[in-house]
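Me: Could you walk me through this model, one question at a time? I would like each answer to end on the value or name I ask for.

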Amino acid sequence: MDASKPPRNDLRGRSVTSSMTRDPSGLICRAIRERRLLELLYKGSRRLVEPHQYGIDRRGRLVLNAWQLSGGNGRHWGNFFADDIVGAKLTDRRFRPRRDYHPEGYPLDRTLCRLQAQVRYRGSS
């Protein structure tokens with residue numbers, strides 16, 4: 001990091017905590033591989049998310065597709081653009097892939113990492 005640059009702040013002007021990384025790509029892929037929740041500083045608020053897919057979209061932007069558990073405007077699927085992630089922290093909490101996760105729901109030009117979708121079979125008993 002360039003010592004001449006001031007520390008990066010979140011959108012409310014607060015310094016990013018030392019336990020959060022400012023370059024989240026490696027951390028996001030680790031969270032996906034290990035199925036661990038991520039805490040994000042995103043657009044001025046803390047978000048707790050279940051990361052499912054990360055890559056480059058059709059417009060050339062790095063984007064995380066995740067289920068948001070808290071922060072922002074509640075529980076929902078969301079696309080979190082890397083340029084707007086001020087900090088990220090891996091938690092110890094694990095999650096299971098959501099049943100309504102479909103990687104094709106948000107197509108990427110290049111997938112860097114993702115969970116495998118749950119495969120449901122209709123079997124005869």
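What follows is a set of questions and replies about this predicted model.

Reply: Happy to help, and here are the ground rules. This is a predicted model, so local features need pLDDT of at least 70 and side-chain atom pairs count only at pLDDT 80 or more, while totals for chains, interfaces and linings use all residues. Residues are numbered from 1 along each chain as its sequence is written, and side-chain values use heavy atoms, with hydrogens and water left out.

Me: What is the mean pLDDT of the protein chain?

Reply: pLDDT is the predictor's confidence in each residue, from 0 to 100. In the protein chain, 74% of the residues reach 70 or more, and the mean is 80. Residues 1-18 have pLDDT below 50, and beyond near neighbours in sequence this stretch has 25 contacts in the model (contact means heavy atoms within 4.5 Å). The mean you asked for is 80.

Me: Which pattern of helices and strands does the protein chain follow?

Reply: Helices (H or I, at least four residues) and strands (E, at least two) are DSSP runs, numbered from the N terminus. The protein chain has 1 helix and 6 strands. Read along the sequence, the pattern is α-β-β-β-β-β-β.

Me: Which residues touch the most other members of the largest nonpolar core?

Reply: A nonpolar core is a set of buried Ala, Val, Leu, Ile, Met, Phe, Trp, Tyr and Cys residues joined through side-chain atoms within 4.5 Å; buried means under 20% relative accessible area, exposed over 50%, and partly exposed in between (1.4 Å probe, protein chains only). The largest core has 29 residues, and α1 (25-34), β1 (36-42), β2 (45-56), β3 (62-70), β4 (76-81) and β5 (85-94) each supply at least two of them. Those that touch the most other members are L38, L40, Y54, L64 and F80.

Me: Which residues does F80 contact beyond its neighbours within four places in sequence?

Reply: F80 is itself among the core residues that touch the most other members, as are L40 and L64. Its contacts also include the polar or charged names R47 and Q68. The full list is L40, Y42, R47, V49, L62, V63, L64, A66, Q68 and I85.

Me: Is Q53 buried or exposed?

Reply: Q53 has its place in strand β2. Leaving out residues up to four places away in sequence, Q53 touches I32, V63, L64, N65, Y101, P103, Y106, L108, T111, C113 and R114. With a relative accessible area of 2%, Q53 is buried.

Me: How many bridges join β1 to β5?

Reply: Two strands pair if DSSP finds at least two bridges between them. β1 pairs with β2 in the antiparallel sense over 5 bridges, with L40 opposite R47, and these two strands form a hairpin with 2 residues between them, where K43 in the turn has a positive phi of about 50°. 7 of the 7 residues of β1 are buried, so this strand is largely enclosed by the rest of the structure. On the β5 side, E39 stands opposite K89, and the antiparallel bridges joining β1 to β5 number 6.

Me: Which residues are linked with R36 in a network of salt bridges?

Reply: A salt bridge is a side-chain nitrogen of Lys or Arg within 4 Å of a carboxyl oxygen of Asp or Glu, and by this rule the count is 7. R36, buried at 10% relative accessibility, bridges to E34 with the closest N and O atoms 2.6 Å apart, while E34 is partly exposed at 27%. The network links R36 with R30, E34 and D92.

Me: Which residue forms a salt bridge with D57?

Reply: D57 is buried, with a relative accessible area of 3%. Its partner is partly exposed at 30%, and the N to O distance is 2.8 Å. That partner is R61.

Me: How many residues apart in sequence are the parts that the disulfide ties together?

Reply: A disulfide is a pair of cysteine sulfur atoms within 2.5 Å, and the whole structure holds 1. The link joins C29 to C113 with S to S 2.1 Å, and is left-handed, with -80° about the S-S bond. C29 lies in helix α1 and C113 in strand β6 (residues 110-114), so the parts tied together are apart in sequence by 84 residues.
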